[in-house]
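Morning, everyone. Please take a look at the chain on the screen, and I'll walk you through it.

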Amino acid sequence: MPSNNEIAVPGDLPSGITEKEYLSGKISVLRNRNLANVFYRLGFVEIFGTEIARIKQLYEESLRKPDFEVTENTIKIMLPVYEENMNLTEDEKKVYNILSKTMLKSMSEIAPYVSFGKSKTAQLLKDMQKKGVVEVEGRGRGTKYIIK
């Protein structure tokens, strides 16, 4: 799987805001109004408190979505490598997220992680191969799959 870029912001959530509200990106509470104003005037910030909403918007069409982890002392944001949607169905996306760009995987390494059977998984992989998303190596029981 492609690696993530991780950003860790020290400190907890701003006072008076829940994790759900923070991650929705709809509510903004400034921690340091003076510092925020300096960054705004220098042109480093366009609008206060829009970073979560902007991150989610940027990844809207990506196969892999950012992951947010809020703890008592830090807020971590894991930004995956942006990957185009490629017109995959929802089931194909599930299979895609199990595959790797660097390691071949067999059906037995894929099937346990999807909610449908091996025959449907095999058909999805075949369809993804036709779309040019997946490369197939080997035959029969030795067949393995990798992201192109």
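Let's start with one residue. E92 is buried, because its relative accessible area is just 3%. Buried means under 20% relative accessible area, exposed means over 50%, and partly exposed is in between, with a 1.4 Å probe and protein chains only. Keep E92 in mind; its salt bridge comes up shortly.

Some ground rules. This is a predicted model, so to speak of a local feature we need pLDDT of at least 70, and side-chain atom pairs count only at pLDDT 80 or more, while totals for chains, interfaces and linings use all residues. Residues are numbered from 1 along each chain as its sequence is written, and side-chain values use heavy atoms, with hydrogens and water left out.

Now the charges. Side chains of opposite charge can pair when their charged atoms come close. Here a salt bridge is a side-chain nitrogen of Lys or Arg within 4 Å of a carboxyl oxygen of Asp or Glu. How many salt bridges does the structure hold? There are 4.

Back to E92. Its side chain meets that of K131 in a salt bridge, 2.6 Å from N to O. This pair links distant parts of the chain, 39 residues apart: E92 is in helix α4, and K131 is in the loop between α6 (118-130) and β5. K131 is partly exposed, because its relative accessible area is 40%. Next, a network: salt bridges that share partners join D91, K94 and K120.

One link there is K94 with D91, at 3.9 Å from N to O. K94 and D91 are about one helical turn apart, because they sit 3 residues apart in helix α4. K94 counts as partly exposed, because its relative accessibility is 41%.

Helix α4, residues 90-96, has another pair: E90 and K93, also 3 residues apart, about one turn of the helix. They form a salt bridge, with the closest N and O atoms 3.2 Å apart. Is E90 buried or exposed? E90 is exposed, because its relative accessible area is 54%.

Now step back to the whole chain. It has 6 helices and 6 strands. Those are DSSP runs, numbered from the N terminus: H or I with at least four residues for helices, E with at least two for strands. Along the sequence, the pattern reads β-α-α-α-β-β-α-β-α-α-β-β. Of the 148 residues, 35% are buried. The accessible surface comes to about 9900 Å², and carbon and sulfur atoms own 51% of that. Those areas come from the Shrake-Rupley method with a 1.4 Å probe; for residues, only the protein chains shown count as cover.

On to the strands. Two strands pair if DSSP finds at least two bridges between them. Strand β5 (residues 134-137) and β6 run antiparallel, joined by 4 bridges. One bridge puts E137 with K144 in β6. The two strands form a hairpin with 6 residues between them, and G138 in the turn has a positive phi of about 90 degrees. On β6 (residues 144-147) there is also strand β4 (residues 105-106), antiparallel and joined by 2 bridges. There, S106 stands opposite K144.

Next, the inside. In soluble globular proteins, nonpolar side chains tend to be buried together. A nonpolar core is a set of buried Ala, Val, Leu, Ile, Met, Phe, Trp, Tyr and Cys residues joined through side-chain atoms within 4.5 Å. The largest core has 17 residues, and V95, L99, L125 and M128 touch the most other members. The elements giving two or more residues are α4, α5 (107-110), α6 and β6. Helix α6 gives the largest share, 3 residues. A second, separate core has 12 residues, including I55, Y59, V70 and I77.

One more residue: I110, in helix α5. I110 counts as buried, because its relative accessibility is 0%. Contact means heavy atoms within 4.5 Å. Leaving out residues up to four places away in sequence, I110 touches V95, I98, L99, K105, T121, L125 and Y145. From I110 to L99 is 11 residues in sequence and 7.4 Å in space, C-alpha to C-alpha.

Last stop, helix α2 (residues 33-42), where we find L35. L35 counts as partly exposed, because its relative accessibility is 43%.

That's my tour. Thanks for listening.
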